[in-house]
Amino acid sequence: MQVIKDFHVHEHHSGDAPGATVTDYCRVAEERGFDEICFTTHFIIAGKDANNGLHPSLISEYIDEIESAQASTSVKLRIGLEVDYFPEAEALLSSILDEYPLDFVLGSLHYIRGFDIGDRAGSVAFFGGRKIQECLETYYEGWREAVESGLFDVMAHPDYFRKYLNLSRPGPLSFSEYGSTVYEAIDALKAYKVGFEVNPSGYRHGIGDCYPILGFLRELKSEGIDIITIGSDCHSYTKLGERLEEAVKRVREVGYSNISVFEDRRRRGIELEKIVK
Ligand SMILES: [Zn+2]
Ligand SMILES: [Zn+2]
């Protein structure tokens, strides 16, 4: 099985994707038979990693680069951003995101209450010595606020905190340990018509799984949340589409038959059969 759409792709404006040019992605997408990819470079408006994302002054350059690449490829290129949510910067984010012709805005919570949970030390500082439920109440409170901000089409990797969790809490984790605010976050997805992403980068991160965990995905399905995107979260063109088949298997396993793609921030549903070859 090969998946032919990837809605989470980092190019070189993401500080953690050096050398990943749009034209290289297009070449690889053509070689591998992709029909649509969405660039979602990091946009980090505040905090210690603000310089690791696309600087606001370079958004036009980023868009121009993708639009000019579109002229020489048959692969549909979508223009998106992976935007970190900072409650104090909501108004600023809103005005910036409204200013540009984006196809897709993916919301992320890599930072929670000042802790960088995508970093080894930050994860240990957040989770170390505390009860998991207590930490996750905080995490999903932030996640719910991000959903309710109305800034985002879809929330990325819904339990990204698992990336380095094993450093503070060895052993398996189950959805029943996620605490109660996760249910409020799921309710917010429904109320605000925001989607979620199934993201297989957990395989690259060594957790041997997609984000979110299966129990979480089942809960999303049973609550009728049906806006789902899938994206590899690649930071190098060689990894385009990596392990997306795992994401497809996962959504199929819990009973979904469609996923979503976005254009001009409008959602379109597609049958799973039509995104694989
Ligand atoms: Zn991310
Ligand atoms: Zn990403």
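**Reading the strands, core and turns of a predicted model**

Mentor: Six bridges join E10 to E11, and these two strands run antiparallel. Please keep in mind throughout that this is a predicted model.

Trainee: What makes E10 and E11 count as paired strands?

Mentor: Pairing asks for at least two bridges between two strands, and E10 and E11 are joined by six. One of the bridge partnerships can be named, since Glu263 has Arg266 in E11 as its bridge partner.

Trainee: Which residue of this hairpin takes a positive phi, and where is that residue found?

Mentor: The hairpin has two residues between its strands, and there Asp264 takes a positive phi near 50°, although Asp264 is not a glycine. Asp264 is found in the loop between strand E10 (258-263) and strand E11 (266-271).

Trainee: Is Asp264 buried or exposed, and how do you know?

Mentor: A residue is exposed if 12 or fewer other C-beta atoms lie within 10 Å of its own; Asp264 has 10 C-beta neighbours inside 10 Å, and therefore counts as exposed.

Trainee: What makes you call E11 hardly covered?

Mentor: Burial needs 20 or more other C-beta atoms within 10 Å, and among the six residues of E11 the count of buried residues is zero. In the segment after E11 comes Glu273, which has 11 C-beta neighbours inside 10 Å and so counts as exposed. The C-alpha atoms of Glu273 and Asp6 are separated by 15 Å, while the two residues are 267 apart along the chain.

Trainee: Asp233 also has a positive phi, about 65°, although it is not a glycine; is Asp233 buried or exposed, and why?

Mentor: The threshold for burial is 20 or more, and Asp233 has 26 C-beta neighbours inside 10 Å, so Asp233 counts as buried. Its place is in the loop between E9 and helix H9 (244-253).

Trainee: How do you know that the peptide bond between Tyr211 and Pro212 is cis?

Mentor: The omega of the bond joining Tyr211 and Pro212 is about 0°, and the bond is cis. Pro212 lies in the loop between helix H7 (201-204) and helix H8 (214-222).

Trainee: Turning to the open sheet, which strands form it, and in what order?

Mentor: Seven strands form the sheet in the order E1-E2-E3-E4-E7-E8-E9, with parallel pairing. Strand E1 (5-9) and strand E9 (228-230) stand at the edges because each has a single partner strand, which leaves one side of each without a neighbour in the sheet.

Trainee: What makes E4 and E7 count as a pair?

Mentor: The requirement is at least two bridges, and strand E4 (residues 104-108) and strand E7 (residues 154-155) pair in the parallel sense over two bridges. In E7, Met155 is the bridge partner of Gly107.

Trainee: What part does Met155 have in the largest nonpolar core?

Mentor: That core has 79 residues, of which Tyr25 and Met155 touch the most other members. The largest share of the core, seven residues, comes from helix H5 (residues 132-148). Leaving aside neighbours within four places in sequence, Met155 is in contact with residues including Gly107, Trp143, Ala146, Val147 and Phe196.

Trainee: Why are H5 and H6 called roughly parallel?

Mentor: H5 and helix H6 (residues 181-192) pack at an angle of about 10°, with their axes 8 Å apart. Angles under 35 degrees count as roughly parallel, so H5 is roughly parallel to H6. By class, their contact has nine nonpolar, one polar and five charged residues. Among the residues that meet are Leu136, Tyr140 and Trp143 in H5 and Val182, Ala185 and Leu189 in H6.

Trainee: Finally, how do you know whether Ala29 is buried or exposed?

Mentor: Set against the threshold of 20 or more, the 25 C-beta neighbours that Ala29 has inside 10 Å make it count as buried. Ala29 lies in helix H1 (residues 22-32), and, not counting residues up to four places away in sequence, Ala29 touches Phe34, Ile37, Val75 and Leu240. The C-alpha atoms of Ala29 and Ile4 are separated by 8.4 Å, the two residues being 25 apart along the chain.

How values were computed
Residues numbered from 1 in each chain as written. Chains lettered and ligands numbered in written order. Predicted model: local features only at pLDDT ≥ 70, side-chain atom pairs only at ≥ 80, totals over all residues. Helix = DSSP H or I, 4+ residues; strand = E, 2+ residues; numbered from the N terminus. Core = buried A, V, L, I, M, F, W, Y, C linked by C-beta atoms within 7 Å. Contact = placed C-beta atoms within 7 Å. Axes fitted to C-alpha atoms, helices over the stretch in contact; angles between N-to-C directions. Parallel < 35°, antiparallel > 145°, perpendicular 65-115°, else oblique. Nonpolar A, V, L, I, M, F, W, Y, C, P; charged D, E, K, R; others polar.
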